[in-house]
Amino acid sequence: MHPAEYAALALITVAVTILCVGAGSVEITPIDAFMAIWNSVFGKTVSVSDESIRSIIVFVRLPRVLAVGIVGAALSLCGGAIQGLLRNPLADGSTLGVSSGASLGAVLALALGITLPDFPLGGTMVMSMIFAFLSLCLILFLSYRIDRSLSTNTMILMGVVFSMFANSSISLIIASVGEKARTITFWTMGSLAGSDYADVLVLALTLIVCGAALRSCTTELNAFAFGEDNARNVGVNVRRTKMTVMIATSVLIGVCVSAGGTIGFVGLVVPHMTRAITGPNHKKSLPFSMFFGAIFLMLCDLVSRVIASPKQIPVGVVTSFIGAVLFIYIFGKSRRMK
Amino acid sequence: MNLLEVSGITVCYGNVDVICDVSFHVKKGSWLMVVGPNGAGKSTIIKAVSKGVPYTGEILFNGRNIDRIMQKEYARKVGVLSQSHTVGYGFTVEEAVRMGRYAHRKSTFSDAGKDDEEKVDYAIHTTGLECSKHKSVLELSGGELQRTFLAQVLAQDPELILLDEPVNHLDLVYQKLIMELMQDWTRKKDRTIVSVVHDLSLAKAYGTDALLMNEGRSVAFGEIDTILTENNLNLVYDMDVSAWNRSLLAQWQS
């Protein structure tokens with residue numbers, strides 16, 4: 001543990017946050033953005049012209065940027081943990097089909113009108129989590145039945161097939177629900193644009209709880225790099241580690257998907273880049289992945305807002321463009337290694 | 001008292017019995033050699049005792065049923081060297097060996113202590129890995145990888161070591177080194193070994209007891225000299241084993 005490294009990372013993350021809050025159709029300099037946040041936090045009164053800037057920053061941009069940052073951190077953490085668990089550098093919520101499964105759950109909740117009392121978003125969130133977990137179990141079970149060694153190719157193929165199945169199911173639901181179709185279609189396009197502080201709070205709490213659960217498994221995940229048998233032989237409780245990682249990642253992916261739709265490839269790209277810097281030790285690579293993931297997705301979101309301004313493109317489009325290229329690169333590299 | 005007591009274990013993969021009703025026991029400080037032809041179920045015995053496959057029957061370690069011992073506690077007492085190794089990410093040799101100390105840590109958050117580091121250094125030193133301890137495990141030769149995992153087991157510092165083909169991939173120098181090291185362990189430190197070997201001469205030279213297997217069943221079990229006899233071996237391998245061994249040795253007589 002090097003506190004200085006983490007302090008530097010936190011500082012960069014905060015700087016990127018302020019940069020992203022400032023940029024947009026109304027240009028605000030980073031200093032003004034920072035001052036607006038500072039004044040709101042400490043409850044200082046400001047002049048009328050500053051007040052309009054302040055409300056754009058505090059009520060529109062800041063919650064969105066925070067939500068994007070947390071989702072980026074969460075998806076990268078999940079990707080890193082799943083890649084460790086399965087010894088597969090291409091595993092990720094989106095490549096394994098877990099995100100699509102979570103979407104299916106959320107769409108079902110929207111179509112059937114499943115809600116929790118006093119918590120309007122709860123229905124889609126819980127259904128997303130449950131479906132994420134069930135998808136992960138199903139994909140692992142089927143891959144294992146076909147190929148006991150759980151090779152990269154089998155799992156990715158299984159993920160592709162499962163994603164197609166889940167997406168077709170979503171299309172079927174949209175085609176058959178009638179007037180709710182608009183709401184659902186809008187939701188599936190996936191955007192964190194309308195995020196408010198309630199979303200940020202839920203995302204942050206989930207990340208803290210699941211992050212702590214995954215933090216307790218880092219040594220065990222390191223042992224998994226040498227195979228499950230070896231992990232068991234040095235004393236790792238293999239079942240417990242697997243269950244902890246699978247549940248924590250499913251919950252995180254479920255919450256992220258229900259908040260912002262599927263944002264592909266973040267969990268693939270970021271842990272890969274992180275390992276190149278930190279090495280494979282999960283004690284270091286997982287926390288670093290979180291910071292890099294937050295920075296990466298905030299910058300992608302910035303690009304998605306600015307590139308076709310005043311129109312906005314979904315952030316998932318930007319990450320998928322970058323992710324697709326990197327996927328091919330990593331796939332080629334991991335094939336050469338064998 | 002017997003350190004390990006295996007009574008009537010059967011392991012099935014699907015509908016096929018891989019090993020059927022095998023019983024044996026291992027005294028403290030002895031070295032049991034499990035021998036037999038390919039497919040006799042030797043490795044499966046190692047897997048069953050290391051809790052790697054489901055089985056029926058009973059396995060007692062120090063008088064306790066191993067099903068009731070937690071994995072972490074079991075790993076402090078029993079170390080395993082498997083036949084094949086999986087390598088996922090580019091950890092260094094030293095990091096791989098240090099994983100052998102996992103079961104000795106007090107909590108997941110505590111880092112390796114001084115005692116741990118001494119054991120790791122010792123294990124790396126005795127397996128001759130000092131020069132390559134900062135190498136990535138992805139870059140190792142078969143022999144180096146085998147020694148890395150052996151060092152991991154040594155770092156684990158267990159009472160009972162289960163070895164599946166310990167000198168696989170190793171050249172003669174390391175075969176001799178490792179076998180002598182293991183023998184030292186059983187003699188001086190009163191530790192116990194169960195190992196699978198293919199080389200019958202090695203088995204005879206270093207083992208104290210033997211379990212002869214064929215087609216999933218135990219053919220004979222007892223002190224090594226009473227088991228590895230010409231009659232028993234010819235029967236199991238279906239060939240004249242001693243004549244073959246003698247003809248091999250004859251190459252060296254001038």
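At roughly what angle do the axes of helix H4 and helix H5 of chain B cross? Keep that one in mind while you look around; this is a predicted model, and the helix pair is a good place to start.

The answer is roughly 140°, with the axes of H4(B), residues 114-126, and H5(B), residues 142-156, coming within 8 Å. The crossing of H4(B) with H5(B) is right-handed. If you want to find the spot on screen, pick out Lys119(B), Val120(B), Ala123(B), Ile124(B) and Thr126(B) on the H4(B) side. Across from them, H5(B) brings Ala151(B), Leu154(B) and Ala155(B). Sorted by class, this contact has six nonpolar residues, one polar and one charged.

Now zoom out to the whole of chain B. Chain B holds 10 helices and 10 strands. The C-alpha trace of chain B spans about 55 × 55 × 35 Å along its principal axes. How does the radius of gyration of chain B sit with that of a compact globule? It agrees: a compact globule of 254 residues would have a value near 18 Å, and chain B has 19 Å. As for burial, 40% of the 254 residues of chain B count as buried. Contacts also reach far along the sequence: of those in chain B with a separation of 6 or more, 68% join residues 24 or more positions apart.

Chain A is next, and here the domain assignment gives two pieces, domain 1 (1-59) and domain 2 (78-337). Their C-alpha centres lie 29 Å apart. Where the two meet, domain 1 of chain A puts in nine residues and domain 2 of chain A puts in 11. On the domain 1 side, five of the residues are nonpolar, four are polar and none is charged.

Finally, the two chains touch each other. In this contact, 18 residues of chain A meet 24 residues of chain B. Two helices of chain A, H10 (218-224) and H11 (228-233), each supply at least two residues of the side that touches chain B. Of that side, H11(A) gives the largest share, with four residues.

Here is how the classes work out for three of the contacts described above.

| Contact | Nonpolar | Polar | Charged |
|---|---|---|---|
| H4(B) with H5(B) | six residues | one residue | one residue |
| Domain 1 of chain A, side touching domain 2 of chain A | five residues | four residues | no residues |
| Chain A, side touching chain B | seven residues | eight residues | three residues |

Technical notes: Residues numbered from 1 in each chain as written. Chains lettered and ligands numbered in written order. Predicted model: local features only at pLDDT ≥ 70, side-chain atom pairs only at ≥ 80, totals over all residues. Axes fitted to C-alpha atoms, helices over the stretch in contact; angles between N-to-C directions. Left-handed = near helix turned anticlockwise from the far one by under 90°. Contact = placed C-beta atoms within 7 Å. Nonpolar A, V, L, I, M, F, W, Y, C, P; charged D, E, K, R; others polar. Rg over C-alpha atoms; globule rule 2.2 N^0.38 Å. Buried ≥ 20, exposed ≤ 12 C-beta atoms within 10 Å, placed from the backbone. Domains from an automatic or database assignment.
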